[in-house]
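I opened this model to look up two things: a sheet with its helices, and a pocket. My entries follow.

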Amino acid sequence: MQNLEQTSRRNFLKIASAAGGGLFLGFNWANAAAVPVIVNPESLAAGAVNFNSFLTIGTDNIITIFSPNPEIGQGIKTAFPMIVAEELDADWTLVKTVQANLDSSKYERQVTGGSGAVPHSWERLRKAGATARYLLVEAASKRWNVPVSEITTEKGKIFHKSSGKSLAYGALAEEASKLTVPKEVKLKDEKSFTLIGQSVRNVDNKNIITGKPLFGLDFYREGMLFALIQRPKAFGLKLKSVDAEAAKKMPGIVNVVTFENSVAVVGKSTWQVKKARELLKIEYEKEFDLESSTDHNRIFKQLLDGGEATVRRKNGDVDAAFKNAAKVITAEYQCPFLPHSPLEPMNFFAHVREDGVELVGPTQTPDRARGEAAKITGFPPEKITVEITRQGGGFGRRLAADFAIEATHVSKLMKAPVKVIWTREDDMTGGTYRPAVRYRFEAALDKSGQMIGYKLRGVGMNAGNPTREDNFPSGAVDNLLIDSVDHKSPITTGPWRAPITNFLAYAEQSFLDEVAEAAGKDPVQFRLELLEKAKKAPVGEIKYDIDRMIAVIKLAAEKSNWGKKKGVHQGFSVYFSHRSYVAQVGEVIVEKGKPVLKNMIAAVDCGIVINKSGSLQQVRGGVVDGIGHAMYGNLTFKDGVPDQSNFNGFRLIRMNEIPEVDVHFVDNGISPTGLGEPALPPAGAAAANAFYRATKKRLRNQPFIEEEAFKNIS
Amino acid sequence: MALLKLQINNRSYETDVEEDTPLLWVLRDNLGLVGTKFGCGIAQCGACTVHLDGEAVRSCTLPVSAVGKGKVTTIEGLSEKGDHPVQKAWDEIDVAQCGYCQAGQIMTAAAFLKKNPKPTDAQIVETMSGNLCRCGTYHRIREAVKSAASKTK
Ligand code: FES
Ligand code: FES
């Protein structure tokens with residue numbers, strides 16, 4: 001049995017006293033099979049409880065649910081409690097959500113990334129809610145002396161219909177807390193859900209629209225110092241010497257400290273440290289090659305033609321297939337590096353004290369921040385607390401811990417509470433980008449237009465494996481070879497919303513459009529034929545659900561009235577990523593000689609939709625993100641220095657540039673999968689394929705605006 | 001450093017800052033009004049939008065010394081109970097994802113609707129295109145401005 005950690009105990013006691021008694025149900029995040037436990041002062045004092053998250057039902061009828069996952073705009077803080085409240089038949093207006101702090105021995109998956117939070121938590125949350133309901137019903141049955149089978153619950157109330165008796169949950173909470181928790185509880189039939197599937201507003205709306213301090217950057221502490229850090233301007237440089245005399249003389253500056261390759265200017269306000277930082281005189285020396293985008297283009301070509309490739313998947317005899325082909329189609333696709341650009345720039349607070357470390361800020365991986373702080377300070381993890389704030393977007397950037405590392409270093413050196421702030425320029429030029437990648441596709445068609453061979457080589461800049469070798473069309477082609485080569489670049493990279501698939505889907509789905517055309521087939525029909533073939537005669541292992549993919553293809557085709565709209569140029573795309581299936585149709589209309597992307601139609605299978613409002617937002621946002629970066633996103637380099645450093649040079653999509661986005665969810669009752677990412681990957685190709693229909697020009701490189709073919713497109 | 005008097009949200013504030021400090025950082029670092037956000041610092045994103053004598057301005061590029069006797073309104077002072085028609089529309093239509101850009105969006109929309117209570121769709125898009133939303137909530141921002149317009153007298 002684990003003991004409670006400090007933070008949870010504190011949280012728990014605070015809520016316990018505020019509620020003035022009631023039912024406190026602890027449940028176990030780490031272990032899906034664990035039975036929830038009733039927590040009371042005695043069991044707490046004895047340390048004889050094993051729980052890591054909890055819900056409380058107060059005598060005041062207020063239900064509090066702890067949400068352990070970081071919220072970055074993906075809607076977890078609203079969706080999680082909805083799941084509990086559904087099984088509990090709670091009155092949603094009386095449910096409160098509290099963001100739990102880092103407690104890694106308790107929350108096994110306290111990470112935001114990979115669209116994995118909902119699938120991980122679905123069962124556990126339902127079980128917690130159902131257990132609480134069971135106890136309340138038991139308590140009512142005892143009090144009224146009627147059988148459990150005659151008792152019903154609805155919206156936070158318990159009813160005994162035949163006698164007309166009813167009570168609010170709060171009135172039974174104390175009695176429920178004296179009962180024994182069942183080993184098994186029955187979960188609801190999914191068809192009877194009343195809250196799940198509805199539109200529920202973001203639980204933080206009120207705070208957001210009134211400007212309450214919610215985000216990491218909003219965190220201030222009495223006596224806190226501000227730090228801006230000068231990092232090497234070019235990737236590949238390292239620090240040689242620092243002359244901070246002029247900077248130190250500036251008003252408000254407390255000190256300038258150096259660690260690793262960084263120079264931190266520390267002072268009393270953001271503006272003062274920003275001005276002082278400009279006066280630093282720093283010398284650097286070359287540690288690695290200072291790469292330019294022109295180098296990258298040359299390297300890509302070398303790796304595609306002669307790089308030592310790692311084979312990712314191989315089926316059949318590719319060489320023979322291409323030799324026997326009636327037609328071979330080849331095309332290359334390339335994307336640039338991208339910054340994540342969450343609207344809240346990186347920032348983090350650290351206070352390294354004599355007895356431990358306090359960390360506060362926006363992070364997608366609190367555990368990693370803590371681990372790094374432990375390494376720097378030598379404190380064991382249990383002496384380090386991490387408070388997770390709301391986050392102004394993440395898109396994968398806050399999976400890194402660089403900002404937490406910096407804050408810890410500076411606080412340790414200054415022996416003071418410090419907040420490290422990144423300006424937008426720091427954020428955009430500071431690294432961990434979506435890697436630049438280039439793909440070469442080759443397809444072999446036989447006389448009847450069947451795809452008998454398929455080759456894909458992916459080459460990337462610190463991209464690891466830039467392919468997803470088991471994704472469609474793998475499994476549907478008899479002879480297939482997928483391999484990759486990686487170039488180690490000093491430019492740092494990391495996961496970016498829908499890692500790898502954010503561009504791979506684009507390239508693959510655009511290329512399949514080219515192949516369909518060469519085969520003389522309709523793009524939708526072509527994909528359906530491939531899937532039917534994979535179903536009848538699968539080639540090697542298949543790691544996607546063919547039927548679910550077919551279903552979204554058909555739904556998107558139906559909702560877009562595929563191929564039947566006059567004057568509308570349609571493009572198709574479908575992709576499976578992050579456990580969900582999404583098909584999209586882009587619609588381009590030519591207005592005054594100019595092709596304009598007017599509509600996107602998305603068919604989405606993410607299993608059961610938990611929050612309709614939030615889900616719609618995620619899909620629309622993902623589509624807008626996918627289109628925006630495909631059209632405009634471009635980070636280029638000259639001698640290791642990014643050419644773009646703020647939103648004047650790096651263009652983000654704006655309201656006047658968005659298409660309408662029409663979203664349709666598949667209703668199949670399957671356990672929910674995530675939605676933070678899957679809508680993004682297929683968006684770009686649906687748009688590009690539609691532009692092709694309108695202009696007869698392929699857009700093979702991102703961003704579109706740099707493409708000759710796109711020059712007269714808005 | 002200079003001692004400056006500022007009129008913000010119908011209150012007087014006094015603060016000792018360098019005169020070239022952007023209003024944004026005075027609000028945030030000196031006065032504890034953190035509803036106004038920092039996104040770019042170069043007037044590109046609109047996250048820092050406040051009202052100066054009723055006009056939407058970008059506080060990240062406005063030196064505090066230029067505010068003078070002007071009346072500043074921030075998101076905290078847009079309404080007493082968070083019930084300005086624009087705020088209400090933002091809640092009802094459930095606009096926010098991460099929420100970071102939304103104070104700036106709301107301030108831009110509120111100033112716009114005050115001047116132009118019955119805007120056309122094209123005018124809404126034109127005005128709101130000045131504000132970035134990295135989460136891509138543009139469809140609902142547009143809808144919320146429209147809804148607020150229909151409810152403002
Ligand atoms: S922070 Fe002022 S416009 Fe971006
Ligand atoms: S809601 Fe996240 S930036 Fe707009």
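Entry one, helices on the sheet. I found helix α1 (residues 23–30) of chain B lying across β1, β2, β3 (49–52) and β5 (71–73) of chain B, at about 100 degrees to β2(B). Helix α3 (residues 102–115) of chain B packs on the sheet and touches β3, β4 and β5 of chain B. Its direction makes about 35 degrees with that of β3(B). Contact means heavy atoms within 4.5 Å. Angles run from 0 to 180 degrees between N-to-C directions of lines fitted to C-alpha atoms, for helices over the stretch in contact. Helices (H or I, at least four residues) and strands (E, at least two) are DSSP runs.

Settings. The model is predicted: local features need pLDDT of at least 70, side-chain atom pairs pLDDT 80 or more, while totals for chains, interfaces and linings use all residues. Residues count from 1 along each chain as written, chains are lettered from A and ligands numbered from 1 in written order, and side-chain values use heavy atoms, without hydrogens and water.

Entry two, the sheet. I read the order β2-β1-β5-β3-β4 in chain B, an open sheet of five strands with mixed pairing (at least two DSSP bridges per pair). β2 (11–17) and β4 (55–58) of chain B are the edge strands. Strand β1 (residues 2–8) of chain B pairs antiparallel with β2(B) over seven bridges. B:L6 has B:Y13 as its bridge partner in β2(B).

Entry three, the pocket lining. I counted 15 nonpolar, 11 polar and 11 charged residues in the lining of the largest pocket. Nonpolar covers Ala, Val, Leu, Ile, Met, Phe, Trp, Tyr, Cys and Pro; charged covers Asp, Glu, Lys and Arg; the others, Gly among them, are polar. A pocket is an open set of 1 Å grid points where a 1.4 Å probe fits, with protein on both sides within 12 Å along at least five of seven lines; lining residues have an atom within 4 Å of a point.
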